[in-house]
There are 2 protein chains.
Amino acid sequence: MPELRYDPIRPRWVVIATERALRPQDYKRQRQQVKKPDNCPFCYGHEHMTPPEVFAIGPADRKPNTPGWRVRVVPNKYPALRIEGELKREGIGIFDVTTGIGAHEVIIETPDHFKHPDAFSDEEARDWLIAVRERMLDLQKDKRFRYILFFRNHGAEAGASLSHPHSQLIATPIIPPVVVSELNNAKNHFHLKERCIFCDLIKQELLLKDRVVYDDEHYLVWEPFASSFPFETWILPKRHLHDFTRLNDDELLILGRTIRDTLKRIKIALDDPPYNMILHTAPTPHLRPARTYYWETIEYDYHWHIEIIPRMTRIAGFEWGAGLHINPTPPEEAARYLREVQL
Amino acid sequence: MPELRYDPIRPRWVVIATERALRPQDYKRQRQQVKKPDNCPFCYGHEHMTPPEVFAIGPADRKPNTPGWRVRVVPNKYPALRIEGELKREGIGIFDVTTGIGAHEVIIETPDHFKHPDAFSDEEARDWLIAVRERMLDLQKDKRFRYILFFRNHGAEAGASLSHPHSQLIATPIIPPVVVSELNNAKNHFHLKERCIFCDLIKQELLLKDRVVYDDEHYLVWEPFASSFPFETWILPKRHLHDFTRLNDDELLILGRTIRDTLKRIKIALDDPPYNMILHTAPTPHLRPARTYYWETIEYDYHWHIEIIPRMTRIAGFEWGAGLHINPTPPEEAARYLREVQL
C-alpha cells in the first residue's frame, strides 16, 4: 500500500510509493515513451491491455472494452494511490502517515493516436470534458476522498509516459498543498472584502488588458501577473462558480472550444512545447459536515479555473530550495506573442 | 530593472525578468552548456570574461582578476536581481510589485574545470565554504536584503548553464516562500513545545535508524521521512544553531568533508546524477528591529541545514498543480542504497 506522509518541517503531504520501489538503475528506463500505435495500450483493439473501463462514450450497442468508443476511462495500471482498503491515519513519533487510498484514472481522450486536444472538433473536446465531469461526480461519492485532481501532461518532458492523447484524474484523501493555500487565500480575501478574489482579478485585468490573450462572453484567457513560468496561461470563467462539475453539456462545449483554441495558440507560438494542464476546482462537497473550514463560504469565495504551464525552462536549485521562481519572459510579452497567433 | 511580483492567488513572490526578455525561440538556445575549458569564463587566464571579482582565496601577492586563486567569487554576468537602485514597494490595483533589488554572485569553486566538490580535498572543501560564509556576511550588511540563498546546480538538467564547478548566492529583498513556511512551522513548534523541531527530528531518527545514511559526532546525513524527491538527502548538524554564518574555519572543514562525502555517495550510487544543493539558514539578522516575527525566538527554534535533491524524475502536472509530490523510492530504500556505498 502506498503511503501519504506528512512533512513536519515544510509542512506538506507527499505520496511515497512503498511497493515496486524504483531502484537507482530504474530511473533511466522510466523515461522512455511508448510512441507507436502498434504497441499502444490506448489504441483500438488493445482494450485488453488496460484494466477494465469505468466509463466510455460511444455507440449504445457497443460492448465494454471493445473498439468503437470515442472517449474511454480506465483505472491507471500503475496507480499512485490505491482504491482498495481503509483510510487510516496514524502517527510515528513526530511523523504522520495516511494510507495511500485514492483513485488514479486515465481518460483516453480519443481513439486517434496522433490527435491531441489542440486539434479536436468542438464535439470531441466536449465529450472529453463530459467524461472528466462524470468521473469526478462518481469519485466524489466516495467519502474517503477530499479532492479530485484533473490534469494533462503533454510530452515526455512534462511527464507523459505514453504519447497517445490522454489525461488523468487522481482522487486523494487529503487536499493537496497548493490547493489548500489557494482556498485559504481566497477565503481570507472574501472575509476581508466580501468579494471573490478571482472576480476582482478578472475585472482589473480586463481594464488593464496587457496580460489578456483572449476574451469573450464566457472566458478570459490570461497570463498571470506573477506567472511562475514563462507563457503560463490561465483560463478563467467570467461567471463566478466554485465547482467545475456543475457545468452542463452545453457549457462544456464552450469550455472545450476555449481549451482547444488556447492549446492551439500555445502549440503554434512555442512550437508544440511539452506542457502541464491542471484544473483547480473546489474540494469534494462531503467535507462540509466534517470540516466546515473550506466549505462555509466556498460558493462565494472560490472560482474554478484551468492553469496551463508550458515547460520552457529547467527548474533549478533556487526554485526548489526557495520556492522563488525566476520567469525570464514577462507575462505582458508572453500575452503579446500568444495574442498575435493566427488560429 | 527586474521585478518581484506577488501572486495574490497562490500567494507567493515571483522574479520577473523585465529586461532582456526571452522570446519563444530563445529557450532552446538557452539549454546549451559551455563544456570546454578553452572558452570557459571560469578557467585561469579568462578572468576578464567575468565581472571583476568581489572575493578570492589565493596567494597574498596575487593581483585581483589574475590567475593563481583557489576560490574566486564574481557577480553573475546575467543576474536575476540587480544590486543598484532603490528598494521600492508599490501596488498596481490588487497586485504588489517590489523592485528587483538583490545580489547574484557566482562562487567559482576551483580553477580545475573538471573537479567537482565530490572530489575536493578537505582544504578545498573548507575554502569553498569560507568563501560562501564571507560573502554571506558581507551581503548581510546591506539593509535592503532579507535573505541570502546559497545553492549549487550540478548538470544541465539541474539548471547549470556552465559545467565549470561553481555555486551561487542570491540575496533577496523578500524571504523566499519555502523558507517562510519552514520558519513559521519551526516557530509554531517551539511555541507549543519549547523545543526545536529539527532537534526533535534528529533525536527520533537516530533511534529509528532506517533513514540514516551516515552519522558521526557532528552531522546526520538523512533521507527525509516525507522526501518529495527520490534520494533527497539532508545534512543536519547535530549541534543546534540557527545561522550557518556563525561557523568558524575549523567547523567549515568538518562540514566541507561531510558535504564532499555525501556528494560522493550520491555520485556513486546514482551514476553522477544532476542535482540541486541548497542551504537553509536564518534570514538576515537586521530584520530584527523591523519584523520581530521571525527573529524573536529564532536562535532557539530554527536549525540550519543543507538539502540535496538528485534530479531523477521529471516533474509532472500533478506535482505543479497540486504541490503533491509522488516519490517512487521510499526514503528507507534510498538510505540503504546510499549507506552501502563504499567511499
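This is a conversation between a trainee and a mentor about a predicted model with chains A and B.

Trainee: How are residues and chains labelled, and what limits apply to this model?

Mentor: Residues are numbered from 1 along each chain as its sequence is written, and chains are lettered from A, with ligands numbered from 1, in the order in which they are written. The model is predicted: local features need pLDDT of at least 70 and side-chain atom pairs count only at pLDDT 80 or more, while totals for chains, interfaces and linings use all residues.

Trainee: What makes the relation of chain B to chain A that of a two-fold axis?

Mentor: Copies are superposed by least squares on the C-alpha atoms of residues with pLDDT of at least 70 in both. Chain B is laid on chain A by a turn of 180° and a shift of 0.0 Å along the axis, with an RMSD of 0.0 Å. That is therefore the relation of a two-fold axis. Ile315(B) is the residue of chain B that comes closest to the rotation axis, its C-alpha lying at 4.6 Å.

Trainee: How many residues of chain B are in contact with chain A, and what counts as contact?

Mentor: Two residues are in contact if their C-beta atoms, placed from the backbone, lie within 7 Å. By that rule 75 residues of chain B are in contact with 75 residues of chain A. Helix α3 (residues 177-193) of chain B gives the largest share of the side of chain B that touches chain A, 6 residues. That side divides into 46 nonpolar, 18 polar and 11 charged residues. Here Ala, Val, Leu, Ile, Met, Phe, Trp, Tyr, Cys and Pro count as nonpolar, Asp, Glu, Lys and Arg as charged, and the others, Gly among them, as polar.

Trainee: How do you know that β1 and β2 of chain B pair?

Mentor: Strands (E, at least two residues) and helices (H or I, at least four) are DSSP runs, numbered from the N terminus. Two strands pair if DSSP finds at least two bridges between them. β1 (residues 3-7) and β2 (residues 12-16) of chain B have 5 bridges, in the antiparallel sense, so they meet that rule. In this pair Asp7(B) stands opposite Arg12(B).

Trainee: Which strands pair across the two chains?

Mentor: β2 (residues 12-16) of chain A pairs with β15 (residues 325-327) of chain B in the parallel sense, over 3 bridges. Ile16(A) stands opposite Asn327(B) there.

Trainee: Why do β15(A) and β5(B) count as the edges of their sheet?

Mentor: The sheet is open, with 5 strands in the order β15(A)-β2(B)-β1(B)-β6(B)-β5(B), and its pairing is mixed. β15 (325-327) of chain A and β5 (89-92) of chain B each have a single partner strand, so one side of each is left without a neighbour in the sheet. Within the sheet, β1(B) runs antiparallel to β6 (residues 95-99) of chain B, joined by 4 bridges, and Leu4(B) stands opposite Thr98(B). β5(B) and β6(B) are also antiparallel, over 4 bridges. They form a hairpin with 2 residues between them, and Gly93(B) in the turn has a positive phi of about 60°.

Trainee: Why is Phe231(B) called buried and Asp271(B) exposed?

Mentor: A residue is buried if 20 or more other C-beta atoms lie within 10 Å of its own, exposed if 12 or fewer, and partly exposed in between, with C-beta atoms placed from the backbone. Phe231(B) has 30 C-beta neighbours inside 10 Å, so it counts as buried. Asp271(B) has 11, so it counts as exposed.

Trainee: What is the phi of each, and where do they stand?

Mentor: Most residues other than glycine have a negative phi. Phe231(B) has a positive phi near 65° and lies in the loop between β11 (219-222) and β12 of chain B. Asp271(B) also has a positive phi, about 65°, in the loop between α5 and β13 (275-280) of chain B.

Trainee: What makes the crossing of α2(B) and α5(B) right-handed?

Mentor: A crossing is right-handed if the near helix is turned clockwise from the far one by less than a right angle, and left-handed if anticlockwise. The crossing of α2(B) and α5(B) is right-handed. α2 (residues 122-139) of chain B packs against α5(B) at an angle of about 115°, with the axes 8 Å apart. Axes are lines fitted to C-alpha atoms, for helices over the stretch in contact, and angles run from 0 to 180 degrees between N-to-C directions.
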